Amino acid sequence: SVTRSPKRSNSIFPADTPRGDEQNVPLTGNDRTKRTPPLVLHLKDVLHQVASLPSQFWLIAVVDIMYYSTYFPFQAFAPTYIERKWSLPPDEAARITGIMALMSMILCPVAGLLIDRVGRRAT
């Protein structure tokens with residue numbers, strides 16, 4: 001039989017309260033689900049954890065919100081704009097618009113790998 005010991009972490013869960021399968025309980029068959037207490041989150045604790053996130057997180061969150069609030073509406077109207085601006089047929093305009101999404105799918109992981117490899121550099 002397998003047992004697990006309680007884990008401690010800086011999270012929204014009180015340190016003295018083991019949760020779920022972190023209890024010292026043998027894990028056998030359907031027994032596991034019967035012994036797992038319900039997860040209780042307290043809003044005050046969650047809000048405290050969220051509020052204590054570093055300012056860099058909030059800066060990135062605001063930049064992402066600003067970017068995506070302009071990008072997605074543009075994606076919706078881009079085919080019509082391209083059709084009218086350059087007198088292209090609808091299928092060609094949609095293809096050009098799709099290229100932006102395709103390049104994003106390809107370049108975002110590549111950029112992430114590059115950033116991980118190069119690391120943070122002083123400017």
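A residue counts as buried when its relative accessible area is under 20%, as exposed when that area is over 50%, and as partly exposed in between. With that in mind, the tour can begin; please remember throughout that this is a predicted model.

Start with the whole chain in a cartoon view, where four helices and zero strands can be found, so that, by the definition just given, attention can turn to how much of the chain is covered: buried residues make up 9% of its 123 residues. Followed from the N terminus, the elements run α-α-α-α.

Next, select residues 55-86, which form helix α3, and show the side chains of Tyr 67 and Tyr 71, which are separated by about one helical turn because they are four residues apart in this helix. Seven aromatic pairs are present in the structure. Tyr 67 and Tyr 71 form a stacked aromatic pair, with 5.5 Å from centre to centre and 15 degrees between the planes. An α-helix has 3.6 residues a turn, so residues three or four places apart point the same way. Is Tyr 71 buried or exposed? At 16% relative accessibility Tyr 71 counts as buried, whereas Tyr 67, at 43%, counts as partly exposed.

Keep Tyr 71 on screen and add Phe 72; the centres of these two rings are 5.4 Å apart and their planes stand at 70 degrees, so this pair is edge-to-face. If Tyr 68 is then added to the selection, the picture is complete, for Tyr 67, Tyr 68, Tyr 71 and Phe 72 form one aromatic cluster.

Moving along the chain, select Ser 87, which lies in the loop between α3 and α4. Its phi is near 50 degrees, a positive value in a residue other than glycine. Most residues other than glycine have a negative phi. Ser 87 counts as exposed, because its relative accessibility is 64%.

Now select helix α4, residues 90-118, and look along its length: its 29 residues reach 41 Å from the first C-alpha to the last, close to the 42 Å expected at 1.5 Å a residue. Where does α4 bend? The bend, of about 25 degrees, is at Leu 107, and a proline, Pro 109, follows within four residues. Beyond the end of the helix comes Gly 119, whose phi is positive, near 80 degrees.

Staying in α4, show the side chains of Glu 92 and Arg 95, which lie three residues apart, about one turn of the helix. These side chains meet in a salt bridge, at 2.7 Å from N to O, and the structure holds one salt bridge. Both partners count as partly exposed: Glu 92 has 29% relative accessibility, and Arg 95 has 48%, so by the cut-offs given at the outset each value falls between 20% and 50%.

For the last stop, switch to a surface view and select Ile 96, Ile 99, Leu 102, Met 103, Met 105, Ile 106, Leu 107 and Val 110, which make a nonpolar surface patch of about 710 Å². One of these residues, Met 105, has its place in helix α4 and counts as exposed, since its relative accessibility is 58%. Leu 107, also among the residues of the patch, is the residue at which α4 bends, and so this selection leads back to a place already visited on the tour.

Terms used
Residues numbered from 1 in each chain as written. Heavy atoms only, no water. Patch = residues over 30% accessible without salt bridge, like charges linked within 9 Å, V, L, I, M, F, W, Y side chains within 5 Å. Areas by Shrake-Rupley, 256 points an atom, 1.4 Å probe, with all protein chains shown as cover. Salt bridge = Lys/Arg side-chain N within 4 Å of Asp/Glu carboxyl O. Helix = DSSP H or I, 4+ residues; strand = E, 2+ residues; numbered from the N terminus. Buried < 20%, exposed > 50% of the residue type's maximum accessible area, 1.4 Å probe, protein only. Expected span 1.5 Å × (residues − 1). Bend = angle between axes of the 7 residues up to and from the residue. Phe/Tyr/Trp six-rings, centres within 6.5 Å; stacked < 30°, edge-to-face > 60°.
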